Amino acid sequence: MGVSTYPTTYYEYALGVCGQVILSFVAPLVFSHLVYGVSLARPDLVQKYLGTWTQHPSVVRVFLHAYTLLSYATYVVSWVMLSCLVLLAVGFGHVHWAAGTVLISTMLIMALWYKVIDFDRSKKYGSMLDHLVSGRSTYSLIEMGTMMTETKKGKTHINHPILDEDKGGDEDEGEDNKDEGEVDERGDDIEHAPSADSISSPDSHHQQDDMRTRLLNILQSYLDTAPTSLRSRMRLFVVSLVAFIVVSFVACYISVGLCVEVQPTSYSTAFTRYFQPSYCPNGEICHFYFTVPDDLSTSLIASFHSSTKPTKPTLGRWLKTYSLFSGLCLFGTSSHKELLVKQDIDQLRLAYGGLANASYIRVTGIEEEERYVSSCDLSPLAANTTYYVVGMFFDQQGEPVFSSDELKVRTAPANRTSSYSFVTGGDMSMDEANMMLMQEAAKTEPLFAMVGGDIAYDNAFPQCYRRWDRWFVRWRDYLTTPLGYSVPMLLAIGNHEAGGFMVQPQDILYYSAYFPHALGSGTVDVLERKTYHRHNIGRSVTILSLDSWVVTPMADQVDFIRSNLQDATSNGVPFTLAIYHASLYPSVPSWEHLIVTDGRLYWEPLFSSLGLTAAFENHYHVYKRTFPIRNGHLVGDGDGDGVVYLGDGAWGIQGTDIPIVKDSWWIDKIEPVPFIYKVTVNDGGSDDDNQGNISNDRKLYVEAIGLDGPVFDTWTKYRP
């Protein structure tokens, strides 16, 4: 589907292992070559800045020991960082990236092998293998620079009384100088290449000659203690390689299926999830919930998850002849929980009275378990009525196998004599503030809840499917009202559902599959489900859920907005609302400049000319209310009604790190606090009075509610 999936074959494990092992050698190799190159290019800087220190061998030794520790620390940190990169590639399933890394790194490892087998060169200039597997120190910038400027063909050894004393006296001096081409015991054959400092300052020649003598002897002592057997070097290399392979394989195996969640940040892998219980075990219905369809006064959509695949049964004794699936919903206006215990199919069917067959889809992207979403269109329903709904699975004989809990839900009023309320917000997160605001929302007994995107913060990672599981559990536990009603959802897509803005439909793994918003969506392919839709709440409110270019460009929604706002106006709908994710009038300096520009270019003229009442914006985690705006300007006398933009999505998110724009011309009130909106609709008019008298009570009343329930801001819109 064009999305990243984590590896499930040993071939992909092998790619991760190879990439990690090879990259483990790259850091020290590049680091040593860098030191080597700098020393050759500017040995004068080495002597200029460090020449005084090198007059004292004890200081040089301390410096070299410190440099050795730094070298090992650099090696370990580099290895860990590069290993993490490969583990992330394996964990996120970027197999092609891992394969390319292996190919590129192979060329680098060949260069390393050249250093290993070129024994004479490694004896002269310092072996890379010493740095990697022999346990010796990395040659410092002082050593390499001095060595390369002073050493000519063959091995050079310079005796120094202090260094010789440290090595145990002069009795072995003759032994050390027996090889052909080495200096004699008096050191008369030593040749010194002139340095930049000695050329410019002849008087300092003796001082620098003494410095070079000390350094070359220290270097020689390092080389004398290095392994001289290629076989021993190869053995150490092979042992290290095998150890890296074993450790890397285990690390890659543990990191497969990496999930990175935010708000709050958490991590999991397929390995850690294996030891956690499933939210949707076999033989059970899980996550039973409702979404708002086209008209909430006459219909609802009930959805439930299962890990058991629905089947196509033979006709049962009472299943409808057009039934295609074994999943269905029973619904009625009275509760029958006691019958669910008995699982008597005849009694259940007669007691509830309503039956809706379920269509199902398999959720792609979840590899660790199977997941199916079954949806029932509950229609036609009576307006302003309480219903009790149960989801069920039946076997091929039409007998119930397992069922959900019974849920209680309401439809919207159809006439204009009843008031109701709903809640809205966005950017929910999964922290304690979100839980507290959910509880405050439930206390208001809302008819439904709108969420303007960034819901579970799964970031479209296929591995983060359990983030949605936890979100559904939280919705059930904290957004069931004190009177026991489940709260239907009306959602708009955000960037954290898709992994960013301007993505493709196939990049959205779970949002489109989990939340059908139109009757008949259950039989529509997930990729074909639109990310923008219209909802009528009786005859008093029309809501447009729009896509702020998460998937669909804003220009492509112009005809949809125009036709639906015109239809609402012609049908006398008093209040029209829009909800979407990214703001047209943000509360912070927006970094989505193209979205803001396109929104004001394509959407705002329609909002202004067709009488949109208010727009609920999100994304920036700040409370905001604008002045009434019309065509990009504040509404003045004689300008007619303007649109108020309410936002900016902080249903649990604790503020923003970006400075808020208090001085922007459109801002009326702004606060960096978590909040939700409670919207009360009071349409006091009557459809059949025929007297031309319209009540002044037709109003939309918006309250901003904080963490502990206080109302800290209000806004009211009246309609004649």
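**Salt bridges, sheets and a nonpolar surface patch**

E368 is partly exposed, its relative accessible area being 30%. In this predicted model, the side chain of E368 meets that of R273 in a salt bridge, with 2.6 Å from N to O. The two partners belong to distant parts of the chain, 95 residues apart: R273 is in helix α13, whereas E368 is in the loop between β6 (354-362) and β7 (372-378). Unlike E368, which is partly exposed at 30%, R273 has a relative accessibility of 2% and therefore counts as buried.

This pair belongs to a wider set, since the search of the whole structure finds 17 salt bridges. Another of them joins E369 to R371, with 3.0 Å between the closest N and O atoms. E369 has 14% relative accessibility and so counts as buried; R371, at 0%, is likewise classed as buried. A further salt bridge is formed by D641 and K717, whose closest N and O atoms are 3.5 Å apart. Because D641 lies in the loop between β20 (633-634) and β21 while K717 is in strand β25, this pair ties together parts that are 76 residues apart in sequence. D641 is partly exposed at 44% relative accessibility, and K717 is buried, with a relative accessible area of 13%. Through shared partners, salt bridges also join E369, R371, R466 and D469 into one network.

The strand that holds K717 takes part in a further set of pairings. Strand β25 (residues 711-718) runs antiparallel to β24, and seven bridges join the two. In this pairing, K717 of β25 stands opposite L700. The hairpin of β24 and β25 has five residues between the strands, and G709 takes a positive phi near 100 degrees there. Strand β24 also pairs with strand β23 (residues 676-682), again in the antiparallel sense and over seven bridges. I705 in β24 is the bridge partner of I676. Strand β24 (residues 699-705) is mostly covered, with five of its seven residues buried.

An open sheet is formed by seven strands with mixed pairing, in the order β14-β15-β16-β17-β21-β18-β22. Its edges are β14 (533-537) and β22 (667-671), each of which pairs on one side only. On average, and with direction ignored, neighbouring strands of this sheet are turned by 15 degrees against each other. Helix α21 (residues 593-609) packs on the sheet and touches β16 (575-582) and β21; the directions of α21 and β16 make an angle of about 175 degrees. Within the sheet, strand β17 (residues 614-618) and strand β21 (residues 644-647) run parallel and are joined by three bridges. F616 stands opposite L646 of β21.

A nonpolar patch on the surface is made up of V242, V246, F249, V250, Y253, I254, F271, Y274 and F275, which together have about 900 Å² of accessible area. Two elements, α12 (230-255) and α13 (270-274), give two or more residues each to the patch. Helix α12 provides the largest share, six residues. Y274 is found in helix α13 and has 68% relative accessibility; this value is over 50%, so Y274 counts as exposed. Helix α13 thus holds both the exposed patch residue Y274 and the buried salt-bridge residue R273.

Key. Residues numbered from 1 in each chain as written. Predicted model: local features only at pLDDT ≥ 70, side-chain atom pairs only at ≥ 80, totals over all residues. Heavy atoms only, no water. Patch = residues over 30% accessible without salt bridge, like charges linked within 9 Å, V, L, I, M, F, W, Y side chains within 5 Å. Areas by Shrake-Rupley, 256 points an atom, 1.4 Å probe, with all protein chains shown as cover. Salt bridge = Lys/Arg side-chain N within 4 Å of Asp/Glu carboxyl O. Helix = DSSP H or I, 4+ residues; strand = E, 2+ residues; numbered from the N terminus. Buried < 20%, exposed > 50% of the residue type's maximum accessible area, 1.4 Å probe, protein only. Pairing = 2+ DSSP bridges. Axes fitted to C-alpha atoms, helices over the stretch in contact; angles between N-to-C directions. Contact = heavy atoms within 4.5 Å.
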